[in-house]
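Hi,

Here is the structure I promised to pass along. Have a look at it first, and then read on for what turned up.

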Amino acid sequence: MRIPNENVGSLPRPMTLQDATQAYDEGSISHADLEAEQDAACRDSIERMEATGSPIVSDGEQRASSFATYPLADTLAGTGLADHLAPEGQFFAIFEDGHHRQLPKLTGGPFHYRTFASDYLKKSMPMATKPMKQAVIAPSMLWLLYPLDGEIEGYSREQFLDDICDECEKDIRQAFEAGAVRVSIDFTEGRLANKNDPRNPWTGRGLLQEFIDLNNRVINRFTPEERVNIGIHTCPGGDCDSVHSKDVDYALLLERMFEMNAGYFLIQCASEDDREYVYELCGKYSREDAEGVAQVCFMGVIDPLNPEVETPEYVRDELLAAAKHIPKERLGATDDCGFSPFSIDVKPKHGSPDFARDIAFQKIESRIKGAEMASRELS
Ligand SMILES: [Zn+2]
């Protein structure tokens, strides 16, 4: 047997790219200049990820403003905002180190993506010699664009939810059409939905079930054969080497998360104090038959927020521990999160984004080697 490997998606953007993005926002360089920097960063990301031995690669989301805002704006500063959006909507998350990330706000309808993940993937596909994956954002994150209370005149919440489901479905289908072999849906708001943080009102509204049902509206539009390759990623956040919801009991999410009829899950775990508890919960709640697909649990064995590189032996031991609770044919290996979900991130615990890139590839290589060692022992 062979334990499958898959990364979540993002890598830190090189400092030159972060500087170029700022220069583009200030109007001192052209879009073509920015794109040249993005191309170079994507090429470097793909080549170096391929060199780790990873069977599947991504472009590190080097063109995306963030994992959540790529359909909405060209840059995190808000350059190139989609129609019917304005700056300064609600907080998506407030992180442990005190910084926060804010979404734009919806001012009317209909809502359409300005950019699909496939727009970026098409540019990166020719740079890869190995199969590529693509991450997309969940409709449950976009739910937060609509005002928490009340209705937008002329554009009901129901109309909006219909629109985001259609756009998300299109995002996934187009990524497959562009050549992705796997598409994972980022669902970092899942654990955060149980936080009840008074500074961030949506986290106190008990939205987890609504999020799960909304995401299933999209996932259920796909056949079992398609859903084998559609995943869900969960984490407690991973921005500027900080988290937003690691203090929330994981069980509150994990006992419900597998209700989503996805074929696989990319599950943060390496940074948990009690990893055995997480393996147990995943073994207990993941389903052998989720409307026609067996759910594969890719356990996070690498912590992208910590510059210390995990050894292959550590990875092996964690996967062997996980295999005591999760059937080995439904076990995979992943990282806890993308290495930099937001484009502007200097990776403070690492000292620089460029150093953090070097570390990221070493960590991925350890995961691949450790998974091979565990596969041999489980065979
Ligand atoms: Zn994540």
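In what order do the 6 strands of the open sheet stand? Before the reply, please keep in mind that this is a predicted model. The order is S5-S6-S7-S8-S9-S10, and the pairing is parallel. Strand S5 (133-137) and strand S10 (331-335) are at the edges, each with a single partner strand, so one side of each has no neighbour in the sheet. From one strand to the next, the twist averages 30°.

A good place to look next is S8, which covers residues 264-267. Its side chains split into two sets: Tyr264 and Leu266 point one way, while Phe265 and Ile267 point the other way. Which of these are buried or exposed? All are buried.

On one flank, S8 pairs in the parallel sense with strand S7 (residues 230-234), over 4 bridges. Within that pairing, His233 has Leu266 of S8 as its bridge partner. To get from S7 to S8, the chain passes through helix H9 (residues 251-257), and this β-α-β crossover is right-handed.

S8 also pairs with strand S9 (residues 296-302), again in the parallel sense and over 4 bridges. Here Tyr264 stands opposite Val296, and Leu266 stands opposite Phe298. Leu266 therefore turns up in both pairings, as the bridge partner of His233 and opposite Phe298 in S9, with its burial noted above. The connection from S8 to S9 runs by way of helix H10 (residues 275-285), and the three make a right-handed β-α-β unit.

There is a helix to look at over the sheet as well. Helix H5 (residues 157-177) lies across S5, strand S6 (182-186) and S7, and runs at about 170° to S5.

Finally, a residue outside those strands: Leu103. Where is Leu103 found? It sits in the loop between strand S3 (100-102) and strand S4 (105-106). Leu103 counts as buried because 22 C-beta neighbours lie inside 10 Å, and the cut-off for buried is 20 or more. Leaving aside residues up to four places away in sequence, Leu103 touches Gly89, Gln90, Phe92, Leu144 and Leu145. As for Asp289, it is 186 residues from Leu103 in sequence and 36 Å from it in space, C-alpha to C-alpha.

Happy browsing, and best wishes

Definitions and conventions. Residues numbered from 1 in each chain as written. Predicted model: local features only at pLDDT ≥ 70, side-chain atom pairs only at ≥ 80, totals over all residues. Buried ≥ 20, exposed ≤ 12 C-beta atoms within 10 Å, placed from the backbone. Contact = placed C-beta atoms within 7 Å. Pairing = 2+ DSSP bridges. Right-handed = clockwise from strand over helix to strand, strands pointing away. Axes fitted to C-alpha atoms, helices over the stretch in contact; angles between N-to-C directions.
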